[in-house]
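Student: Before we discuss this model, I should like each classification to be justified against its criterion. May we proceed in that way?

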Amino acid sequence: GGIKEIRDYCETDVLNTWLVYLRFEHMRGNLDDKDLQREYALVRKTLIALDLPHLNEFLAAWPEQGRYWPGKSVVNRKRQRLRR
């Protein structure tokens with residue numbers, strides 16, 4: 001009965017994986033600071049346009065000035081909900 005929660009979790013997991021990949025490409029030198037920030041802005045813009053509760057929660061945990069991604073706090077909250 002938790003299909004929606006599982007789907008929402010998987011979507012945020014994919015987002016985190018994408019952001020890790022972008023950071024990896026930045027560390028490898030394939031993206032400069034400007035490219036990385038442009039990609040982050042595109043992710044933010046897309047999530048804002050979708051306006052879904054679980055994605056809004058993801059955005060809220062991702063500081064606007066932050067260079068990285070929301071990290072463990074969002075993932076841990078979602079895992080705790082799935083275990084219930």
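Tutor: Let us begin with accessibility: a residue is called buried under 20% relative accessible area, exposed over 50%, and partly exposed in between. Please bear in mind that the model is predicted.

Student: Why is Arg-28 called exposed or buried, whichever applies?

Tutor: Its relative accessibility is 52%. The limit for exposed residues is over 50%, so Arg-28 counts as exposed.

Student: What makes the contact between Glu-25 and Arg-28 a salt bridge?

Tutor: The criterion is a side-chain nitrogen of Lys or Arg within 4 Å of a carboxyl oxygen of Asp or Glu. The N to O distance between the side chains of Glu-25 and Arg-28 is 3.0 Å, and the pair therefore meets the criterion. Both residues lie in helix α1, 3 residues apart, which is about one turn of the helix. Glu-25 has a relative accessible area of 10% and is therefore buried.

Student: How do you know that Lys-4 and Asp-8 form a salt bridge, and where do they lie?

Tutor: Their side chains meet at 2.6 Å, N to O, and the limit is 4 Å, so the term applies. Lys-4 and Asp-8 are 4 residues apart in helix α1 and are therefore separated by about one helical turn.

Student: Which accessibility class does each of these two partners belong to?

Tutor: Lys-4 has a relative accessible area of 45%, so Lys-4 is partly exposed. Asp-8, at 7% relative accessibility, counts as buried.

Student: What makes Arg-38 and Asp-35 a salt-bridged pair?

Tutor: Their side chains meet at 2.9 Å, N to O, which is within the 4 Å limit, and the pair therefore qualifies. Arg-38 and Asp-35 are 3 residues apart in helix α2, so about one helical turn separates them. Arg-38 counts as partly exposed because its relative accessibility is 47%. Elsewhere, Lys-4, Arg-7, Asp-8 and Glu-11 are joined into one network by salt bridges that share partners. The structure holds 6 salt bridges.

Student: Why is Thr-12 called buried?

Tutor: Thr-12 has 2% relative accessibility, and the limit is under 20%, so the residue is classed as buried. Thr-12 is located in helix α1, which comprises residues 3-28. The buried residues of this helix include Asp-8, Tyr-9, Thr-12 and Leu-15.

Student: What does the side chain of Thr-12 contact, and what makes that a polar contact?

Tutor: A polar atom of the Thr-12 side chain lies 2.9 Å from the backbone oxygen of Tyr-9. The distance limit for a polar contact is 3.5 Å, so this pair falls within it. With respect to the chain as a whole, Thr-12 and Phe-58 are 46 residues apart in sequence, yet their C-alpha atoms are 7.1 Å apart in space.

Student: How do you know that Arg-44 is buried, and which atom does its side chain reach?

Tutor: Arg-44 has a relative accessible area of 9%, and for that reason it is buried. Arg-44 belongs to helix α2, residues 33-50. Its side chain reaches the backbone oxygen of Trp-62 at 3.3 Å.

Student: How do you know that the length of α1 agrees with its number of residues?

Tutor: The expected span is 1.5 Å times one less than the number of residues. For the 26 residues of α1 this gives 38 Å, and the end C-alpha atoms are 37 Å apart, so the two values agree. Just after α1, Gly-29 takes a positive phi of about 90 degrees.

Student: What makes up the largest nonpolar core, and which helix supplies the largest share?

Tutor: The core has 12 residues, among them Leu-15, Leu-36, Phe-58 and Trp-62. At least two residues come from each of α1, α2 and α3 (53-60). The largest share, 4 residues, comes from α2.

Student: Why is Phe-24 called partly exposed, and which surface patch includes it?

Tutor: Phe-24 has a relative accessible area of 41%; this lies between 20% and 50%, so the intermediate class applies. Together with Trp-18, Tyr-21 and Met-27, Phe-24 makes a nonpolar surface patch of about 450 Å².

Student: How many helices and strands are there in the protein, and what percentage of its residues is buried?

Tutor: There are 4 helices and 0 strands. Buried residues make up 33% of the 84 residues.

Note on methods
Residues are numbered from 1 along each chain as its sequence is written. This is a predicted model: local features need pLDDT of at least 70, side-chain atom pairs count only at pLDDT 80 or more; totals for chains, interfaces and linings use all residues. Side-chain values use heavy atoms; hydrogens and water are left out. Buried means under 20% relative accessible area, exposed over 50%, partly exposed in between (1.4 Å probe, protein chains only). A polar contact is a pair of N or O atoms within 3.5 Å; within protein, one must be able to donate a hydrogen and the other to accept it, and residues adjacent in sequence count only if both atoms are side-chain atoms. Patches are made of residues with over 30% relative accessible area and no salt bridge: like charges are joined within 9 Å, nonpolar side chains (Val, Leu, Ile, Met, Phe, Trp, Tyr) within 5 Å. Accessible areas come from the Shrake-Rupley method with a 1.4 Å probe; for residues, only the protein chains shown count as cover. A nonpolar core is a set of buried Ala, Val, Leu, Ile, Met, Phe, Trp, Tyr and Cys residues joined through side-chain atoms within 4.5 Å.
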